[in-house]
Amino acid sequence: MKVLRLKEVINITGLSRSTIYELIAQNQFPKQLPLGARAVGWVEEEINNWITQQIEARDHENI
């Protein structure tokens with residue numbers, strides 16, 4: 001299991017920091033995992049699953 005830091009999540013998703021946190025607040029994006037007093041990360045598999053869900057939602061809209 002790999003934990004991604006915010007910069008990696010931004011690069012993978014193409015979302016901005018503020019959009020990521022806004023989506024988390026709306027329960028529409030995987031929540032961060034506390035790594036220490038001032039560090040958080042995201043589970044890579046959860047991010048990949050979220051991207052897959054976005055692709056599937058897009059594909060169902062086009063049917």
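**Exercise 1. Place Leu35 in the fold.**
Task: Leaving aside neighbours within four places in sequence, find which residues Leu35 is in contact with. Then say where Leu35 sits and how exposed Leu35 is.

Solution.
- Step 1. With neighbours within four places in sequence set aside, Leu35 is in contact with Val3, Arg5, Val40 and Gly41. The model behind this is predicted.
- Step 2. Leu35 belongs to the loop between E2 and E3.
- Step 3. The relative accessibility of Leu35 is 42%. Buried needs under 20% and exposed needs over 50%, so Leu35 counts as partly exposed.
- Step 4. For a distance check, take Val9. Leu35 and Val9 are 26 residues apart in sequence, and their C-alpha atoms are 15 Å apart in space.

**Exercise 2. Lay out the secondary structure.**
Task: State how many helices and strands the protein chain has. Then give the strand order in the sheet.

Solution.
- Step 1. Count the elements. The protein chain has three helices and three strands.
- Step 2. Read along the sequence. The pattern is β-α-α-β-β-α.
- Step 3. Order the strands. The three form an open sheet, E1-E3-E2, with antiparallel pairing.
- Step 4. Find the edges. Strand E1 (3-4) and E2 each have a single partner strand, so one side of each lacks a neighbour in the sheet.
- Step 5. Inspect one pairing. E2 and E3 run antiparallel and are joined by two bridges. Leu33 stands opposite Gly41 in E3.

**Exercise 3. Classify the aromatic pairs.**
Task: With a centre-to-centre limit of 6.5 Å, count the aromatic pairs. Classify each by the angle between its planes, and say which parts of the chain the pair ties together.

Solution.
- Step 1. The count is two aromatic pairs.
- Step 2. Take Tyr21 and Trp42. Their ring centres are 6.1 Å apart and their planes stand at 65°, so this pair is edge-to-face.
- Step 3. Locate the partners. Tyr21 is in helix H2 (residues 17-25) and Trp42 is in strand E3 (residues 40-43), so the pair ties together parts 21 residues apart in sequence.
- Step 4. Add accessibility. Tyr21 is partly exposed at 26% relative accessibility. Trp42 is buried at 0%.
- Step 5. Take Phe29 and Trp50. The centres are 4.8 Å apart and the planes are at 65°, again edge-to-face.
- Step 6. Locate these partners. Phe29 is in the loop between H2 and strand E2 (33-34), and Trp50 is in helix H3 (residues 44-61), so this pair ties together parts 21 residues apart in sequence.
- Step 7. Add accessibility. Phe29 is buried, at 5% relative accessible area. Trp50 is buried too, at 12%.

**Exercise 4. Describe the chain as a whole.**
Task: Give the span of the C-alpha trace, the buried fraction and the exposed area of the protein chain.

Solution.
- Step 1. Along its principal axes the C-alpha trace spans about 45 × 25 × 20 Å.
- Step 2. The protein chain has 63 residues, and 25% of them count as buried.
- Step 3. The exposed area is about 4800 Å², of which carbon and sulfur atoms supply 49%.
- Step 4. Turn to contacts between residues at least 6 apart in sequence. Of these, 38% join residues at least 24 apart.
- Step 5. Turn to charges. There are 7 positive and 8 negative ones, and their mean positions are 13 Å apart.

**Exercise 5. Check Glu61.**
Task: Is Glu61 buried or exposed?

Solution.
- Step 1. Glu61 is in helix H3.
- Step 2. Its relative accessible area is 65%, so Glu61 is exposed.
- Step 3. Glu61 and Thr19 are 42 residues apart in sequence, and 22 Å apart in space from C-alpha to C-alpha.

Technical notes:
Residues are numbered from 1 along each chain as its sequence is written. This is a predicted model: local features need pLDDT of at least 70, side-chain atom pairs count only at pLDDT 80 or more; totals for chains, interfaces and linings use all residues. Side-chain values use heavy atoms; hydrogens and water are left out. Rings of Phe, Tyr and Trp (its six-membered ring) pair if their centres lie within 6.5 Å; planes under 30 degrees apart count as stacked, over 60 as edge-to-face and the rest as tilted. Helices (H or I, at least four residues) and strands (E, at least two) are DSSP runs, numbered from the N terminus. Buried means under 20% relative accessible area, exposed over 50%, partly exposed in between (1.4 Å probe, protein chains only). Two strands pair if DSSP finds at least two bridges between them. Contact means heavy atoms within 4.5 Å. Accessible areas come from the Shrake-Rupley method with a 1.4 Å probe; for residues, only the protein chains shown count as cover. Lys and Arg count as positive and Asp and Glu as negative; His and the chain ends are not counted. The place of a charge is taken as NZ of Lys, CZ of Arg, CG of Asp or CD of Glu.
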